[in-house]
Amino acid sequence: MPVLSNERVSMTSKRKSIHGQWSSRLAFVLAATGSAVGLGNIWKFPYIAGENGGGAFVLVYLLCIAVIGIPIMMAEVMIGRRGRQSPINTMRTLAEEEHASGHWQWLGWAGVMAGFLILSYYSVIAGWALSYVFRTGSGLFTGLTADGVQSIFSNLVNDPERLLAWHTIFMVMTMVIVARGVRHGLEKAVKLLMPALFVILLVLVGYALNSSGFGQGVSFLFHPDFSKITANGLLIAMGHAFFTLSLGMGAIMVYGSYLPSGASIARTCIAVSLMDTLVALLAGLAIFPIVFANGLEPAAGPGLIFQTLPIAFGHMAYGSFFGMLFFVLLVFAAWSSSISLIEPAVAWLVENKGLSRVHASINAGIATWSFGLLTVLSFNRWSDVKLLSAIEIFKESTIFDLLDYLTANIMLPLGGLLIAIFAARKMSREATVEELGMGDRFFYPLWRFLVRYITPVAVSLVFLYALRDIRLIRTILGVIGIS
Ligand code: PHE
């Protein structure tokens, strides 16, 4: 039974969440930043920037953050706070209230599904980071060359049992925090860790600054060469803007549902996006100089940070200490993101199935953990399984690659597109003006214009442009005469 949807509330923003509330706006900023800043910034951004040619990719990504990401984040937080329930029930309640179709609740379901799929592989990668805490801490990398560092990484990913063990530990860590609930679990952890992560990234950038590859690293990241970016690269840059800001699947929506009324949504979202972007750029600035100074390959793929940063740690003073600290913080960043990936599902289980938070967390955790086995195996025993090898861009894609592509580049942008449509076309102007609380002058119309026109058009164009690479879509487009 949905908890609140039957209650007629005249002023909807007076609704209360049964799950509790953040203690303040700052607590929300920290939690949302905790969700946004994660493996996406430090592990994924550098390797996809490396695979897609650098500068031009980074520029498209930054544009997507500004024009698509921030407005959609505002829409998500606004919808969440107005509905004050899990995304599924929030969408149902708001659709009813706005006399829109009941099918909108499927958007909530799609989000739960996306969160489940993402967490299933996210946890495996977070497991790598966890294992590197011990590897760096024990001084394993001291004095090693790039080759030595690389072979340590391949030994790890080639061993399914080890990957499984770390994946299991990380999933248990996630479920423990989720079970403890909004304030006690989530809020406390991020307060200290986010600033610490920032500081250690600065230390690493300082190290990179003195390396011989710094100039090359900076120019790789910031000198756009549009001949290097493909249509598919464009889609990856846009998908990553959604992934890194935790948009399009209800994570930020469910966090918004715990946001006290009266806190400014616009300022909050801009702050979170800026911090997220800064962390990604710092990670890039720390990693690429090492890549170039050691003659490594920028397009090394998902192992990039695990094959580059340890070289630096192996050669700097107190490297084992800094290295351990870095991976501890990376694990915390991943941890504060993983809890938000599963929170929409857990909130729904509590609301509709009457489970306690503890039981809801255990159920959701076991399901996600099991699905994660596919990713564990795709790095070793099943590394030759290429399900979509008939399609050119997926020729080399493992199960993990496909899961990542499907969620980040298709499900999240599609979810974001629908969120934009709901916020700007289905919700009444009055409701959105009231909930966003930024007056009716310049900024509100700007937001509304962006989510009504710019965002949907931009997302659709990138989709069409990129997917035209796929033969089936090309045929369809040919038939209707657009190709
Ligand atoms: N934003 C997180 C990261 O960058 C990942 C994430 C995606 C979290 C979607 C929640 C929802 O690592």
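**Exercise 1.** Find which atoms of Leu39, Ala36 and Phe243 come close to polar atoms of the ligand.

*Solution.* Begin with Leu39, of which a backbone N or O atom lies 3.1 Å from an oxygen atom of the ligand. Go on to Ala36, where a polar backbone atom is 2.9 Å from an oxygen atom of the ligand. Then take Phe243, which has a polar backbone atom 2.8 Å from a nitrogen atom of the ligand. The model is predicted, so local features need pLDDT of at least 70 and side-chain atom pairs count only at pLDDT 80 or more, while totals for chains, interfaces and linings use all residues. Residues are numbered from 1 along each chain as its sequence is written, and side-chain values use heavy atoms, with hydrogens and water left out.

**Exercise 2.** Describe the residues that surround the ligand.

*Solution.* First, the ligand is surrounded by 15 residues (each with a heavy atom within 4 Å of it), and the closest are Ala36, Gly40, Tyr122, Phe243 and Ser246. Next, sort the shell by type: seven residues are nonpolar, eight are polar and no residue is charged, where Ala, Val, Leu, Ile, Met, Phe, Trp, Tyr, Cys and Pro count as nonpolar, Asp, Glu, Lys and Arg as charged, and the others, Gly among them, as polar.

**Exercise 3.** State the overall dimensions of the protein chain.

*Solution.* Follow the C-alpha trace of the protein chain along its principal axes, where the spans are about 65 × 55 × 45 Å.

Note on methods:
Polar contact = N/O pair within 3.5 Å; in protein donor to acceptor, adjacent residues only side chain to side chain.
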